[in-house]
Amino acid sequence: MSKGVIFLVTQDMTLIGELETHLKNYDYSLTAFNSAADAIIRMGTPDIAALVLDYERIGLAERQALFNAYKVRGRFPLFLLQTLASFSPVQITPVRALPWPPPQGFVDQLRSVERPVVFLSDAAFFTSHALPIAFRQSGIVVEEYPHAQNLEKFLLEKTIPPNDISDPGKTFWKNVSQASRPGPASFGAGRKCQVIAPLPGLWTDVLRFDAALRKTVNNCVCYYLSSIDRVRWAANRLRDNAPVELLRDEAPLIPKLLTEAPQMAEPTQRGKEKILFLDNYKPTLDALSEALRVAGYDVAITMDAEDALRRAQVKGSFHLAVVGAALAYTRHTGLEIAQKLREHDPDLRIIFMVDRYPLATALQGVSQSVELGLDDALLKPVDSSRLIFSVRRALERRFLILENARLLKEVQESNRQLDQINGFQKKFFAMVAHDVKNPLTAILGYSEILGMGLKNLPKELEYSSHINSAARTLNLLISDLVDLAAIESGKLRVNLGELNLSEVIRDVSSRIQIVAQQRKIRFEVQVPSQLPMLKGDPHRIGQVIQNLCTNAVQYTKEGGVVQVKADLGPQMLTVGVRDSGIGISKEDLPRVFERFFQSQQAQAMRKAGFGLGLKIAREIVQLHGGEMGVESELGKGSRFFFTIPIPRKAETLSAAAVPAPPASPK
């Protein structure tokens, strides 16, 4: 069964064929459109799972119309398949999510453009300096600006220098471009026309910032870069209901993302987490702690081990500690400090920084950190992006451990309350079984005796008959409660012996036939002429058949049909009861064997009962080694059936003794 339809807007037959193959592996189907207009018309399709737009093959006007329709009617993910051409800074569009490393050829495009290009990023990517380093090797200088909030003013100052206000067209970007073109071979070398700045927050914050920036700085183009891998980044976008930009080569990821996005996404923000940073080398301490602050963490630094231990004495003061291995002027080694920190707070996550040389010492520090169960061991000098990655992973682990502990505690408390309720329920059922059953038996007996003595008093005899009928109904209800109590305690009694199913069906049908005639329902019995001797409890199997037949007659309207049929298989004998009654909805079918459950249609008919009969019947059948099932459609009737294993050397008995049912009233 298909999980849904993927709409693809493209004119590329190759892309259609490739994507369709990958979608089939995940049970999705594909519908392709040549134009955005066709997709817009069909956008209301209820089973649409995602919309995929081949960005380069669809014109700007069509894209805009599709985006406008999606804002109104889109309740599903949107994927934009980009190419090198659509990523080009020549294209003036809203901010685009640039993969890292960028597509091959992107740097050449960047060299040729003569407009401001801004790279926004999360804090972790910014502190890694990956973009300036990589672009510098290609002859492009990217200026790092630490605060995106003041970027507009910075760009305006660069774009229109104070000494050249009179000529707005002679901008900084053109000056740099002209000054840095000594010849074709060194085209673009040393140009400072690109800026990278950190911009923490959600994708909606990035969009707002980009829109404001492009209004202020003419012809500005923005890109966004993320420190997390592409798959998790895309999963985060899906979780946040934001469009997902992928390269066309990444299109096979779409069905995987739709299926597994919740498991692949980064955990949602858990508030500002506190980090204790301890190291005796101040330049490292300052640089790395600042990188952690930029990444959004609350960082406390110290070079004193005793001070660190004092700060962490109160459990929960910090979520994570970063500890340098070689700490001068202290009475403890880094590992000893880590141990003491963990003693103060068992939930504290710890990352260990080990001196790279001498090599033997580094290996010893790493192995010891593993033995102590620390979260990571990093070799100095530590790159800020590597530290941020390690911190993020350790804090995620802490969150999951504590969340699991919280959920376990909730489950244990719920189980305790359920045990308490079940204990009360068992006591109640036991009380009903013993303290109510006895006086009810007396009511039944005396009402029958009373009726015998009131034969000549019609009015009083009618009253006595009502008492006896009500007592019998109450007796059946209490019998169900007694059986349920036995099931709950594992003491339901089933006496397995010889079971002649033909006789059992004959006895039940004789009783049910009378009720069916009164309700003008045709009652039929179909049993093979030869049935094997079974192993079971005739009384209990009769109880099961009686329950199924009674339900069938109760919920079948006048003029309907109820049929009991036995089918002999090679290993199992199946008994089914079919009716033409009210039926059961698809939503209620999975619950029909639950205790106390009654469908809405059954409740509307106000039939007496606790909703225990099917639960008890199924338990009886399972104790015989069989199983019970149901087939039903609302308004078209139901078929309840159960199976009983056939012994290997079974004696066959004649079913001829089963009488044909009396003629039904016409």
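Student: Over how many bridges do strand 21 and strand 23 pair, and in which sense?
Tutor: First, this is a predicted model, so local features need pLDDT of at least 70 and side-chain atom pairs count only at pLDDT 80 or more, while totals for chains, interfaces and linings use all residues. Residues are numbered from 1 along each chain as its sequence is written, and side-chain values use heavy atoms, with hydrogens and water left out. Helices (H or I, at least four residues) and strands (E, at least two) are DSSP runs numbered from the N terminus, and two strands pair if DSSP finds at least two bridges between them. Strand 21 covers residues 572-579 and strand 23 covers 637-645, and they pair over seven bridges in the antiparallel sense.

Student: Which residue of strand 23 stands opposite Val575?
Tutor: Strands of a sheet pair through backbone hydrogen bonds, either parallel or antiparallel. Across from Val575, in strand 23, stands Phe642.

Student: Is Phe642 buried or exposed, and what is its relative accessible area?
Tutor: Buried means under 20% relative accessible area, exposed over 50%, and partly exposed in between (1.4 Å probe, protein chains only). Phe642 lies in strand 23. Phe642 counts as buried because its relative accessible area is 0%.

Student: Which residues of the 540s does Phe642 touch?
Tutor: Contact here means heavy atoms within 4.5 Å. Leaving out residues up to four places away in sequence, Phe642 touches Leu573, Thr574, Val575, Val621, Glu627 and Met628, and also Ile541, Val544, Ile545 and Leu548.

Student: What is the strand order of the sheet?
Tutor: The sheet is open, has five strands and shows mixed pairing. Its twist averages 10° from one strand to the next. The order is 17-20-21-23-22.

Student: Which strands stand at the edges?
Tutor: Look for strands with a single partner strand, so that one side of each is left without a neighbour in the sheet. Those are strand 17 (522-526) and strand 22 (628-633).

Student: How do strand 17 and strand 20 run, and what stands opposite Phe523?
Tutor: Five bridges join strand 17 to strand 20, and the two run parallel. In strand 20, the residue opposite Phe523 is Val562.

Student: Which residues make up the covered face of strand 17?
Tutor: In a regular strand the side chains alternate between the two faces of the sheet. In strand 17, the uncovered face has Arg522, Glu524 and Gln526. The covered face has Phe523 and Val525.

Student: At about what angle does helix 20 run to strand 23?
Tutor: Axes are lines fitted to C-alpha atoms, for helices over the stretch in contact, and angles run from 0 to 180 degrees between N-to-C directions. Helix 20 lies across strand 17, strand 20, strand 21, strand 22 and strand 23. Helix 19 lies across strand 17, strand 20 and strand 21, running at about 170° to strand 17. For helix 20 against strand 23, the angle is about 170°.

Student: Why are helix 19 and helix 20 called roughly parallel to each other?
Tutor: Angles under 35 degrees count as roughly parallel, over 145 as roughly antiparallel, 65 to 115 as roughly perpendicular and the rest as oblique. The axes of helix 19 (501-518) and helix 20 (538-554) come within 9 Å. Helix 19 and helix 20 are therefore roughly parallel to each other, since the axes cross at roughly 30°.

Student: By class, what residues make the contact of helix 19 with helix 20?
Tutor: Contributors include Val504, Ile505 and Val508 of helix 19 and Ile541, Ile545 and Cys549 of helix 20. Ala, Val, Leu, Ile, Met, Phe, Trp, Tyr, Cys and Pro count as nonpolar, Asp, Glu, Lys and Arg as charged, and the others, Gly among them, as polar. The contact has 12 nonpolar, three polar and one charged residues.

Student: What is the handedness of the crossing of helix 20 and helix 22?
Tutor: Helix 20 and helix 22 (residues 613-623) pack at about 145°, with axes 9 Å apart. A crossing is left-handed if the near helix is turned anticlockwise from the far one by less than a right angle, and right-handed if clockwise. The crossing of helix 20 and helix 22 is left-handed.

Student: How many residues of helix 11 are buried?
Tutor: Helix 11 spans residues 230-239 and is largely enclosed by the rest of the structure. Among its buried residues are Trp233, Asn236 and Leu238. Of its 10 residues, the buried ones number seven.
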